[in-house]
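Work through the exercises below with the sequence and the model side by side, and attempt each task before reading its solution.

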Amino acid sequence: MVSGNAIRGSRVGAGPMRWSERGEQAPRQEVTYWCANGHVTQPSFAADVQPPPLWDCPRCGLPAGPDETAPPAPPRAEPYKTHLAYVKERRSDADGEAILAEALAKLRQRRA
Ligand SMILES: [Zn+2]
């Protein structure tokens, strides 16, 4: 199967070869990031680019930082709650029933 791929690759022509040569010439820097779950990711950047301070872990989505001993803390759950979750948290069940009753009363008034 390797020889098959080699044949297919050689048929593409000079374009891809030139591209890979250029890629080798461009200086790259590899930056290692650690997430709070201990995953390591090593994206590479052009050498003249300032690497970002945080990188999203491709395995769990948590922010990853360049310091292995102090990975960025996982974001708190609150910002990712849905609006409905916020509403449910703020309002007790009794409040919810009162609001529901009020809404039903308004509906009935409108129909009457
Ligand atoms: Zn992770």
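**Exercise 1.** Determine whether His39 is buried or exposed, and describe its surroundings.

*Solution.* His39 has a relative accessible area of 16%, and because buried means under 20%, exposed over 50% and partly exposed in between (1.4 Å probe, protein chains only), His39 counts as buried. This is a predicted model, in which local features need pLDDT of at least 70 and side-chain atom pairs count only at pLDDT 80 or more, whereas totals for chains, interfaces and linings use all residues. Residues are numbered from 1 along each chain as its sequence is written, and side-chain values use heavy atoms, with hydrogens and water left out. Leaving aside neighbours within four places in sequence, His39 is in contact (heavy atoms within 4.5 Å) with Tyr33, Trp34, Cys57, Arg59 and Cys60.

**Exercise 2.** Identify the donors of the zinc ion and the geometry that they form.

*Solution.* Begin with the donors (N, O and S atoms within 2.8 Å of the metal, or 3.2 Å for Na, K and Ca; water is not among the atoms, so sites may look incomplete): Cys35 (SG), His39 (ND1), Cys57 (SG) and Cys60 (SG) coordinate the zinc ion at 2.1 to 2.3 Å. Next, the four donor atoms subtend angles of 105 to 115°, which makes the arrangement tetrahedral, a term that requires all angles of four donors to lie between 85 and 135 degrees. Finally, the spacing of the donor residues in sequence reads C-x3-H-x17-C-x2-C.

**Exercise 3.** State how accessible Cys60 is.

*Solution.* With a relative accessible area of 31%, Cys60 is partly exposed.

Terms used. Four donors count as tetrahedral if all angles lie between 85 and 135 degrees; four count as square planar and six as octahedral if opposite donors are over 155 degrees apart and all others between 65 and 115; anything else is irregular.
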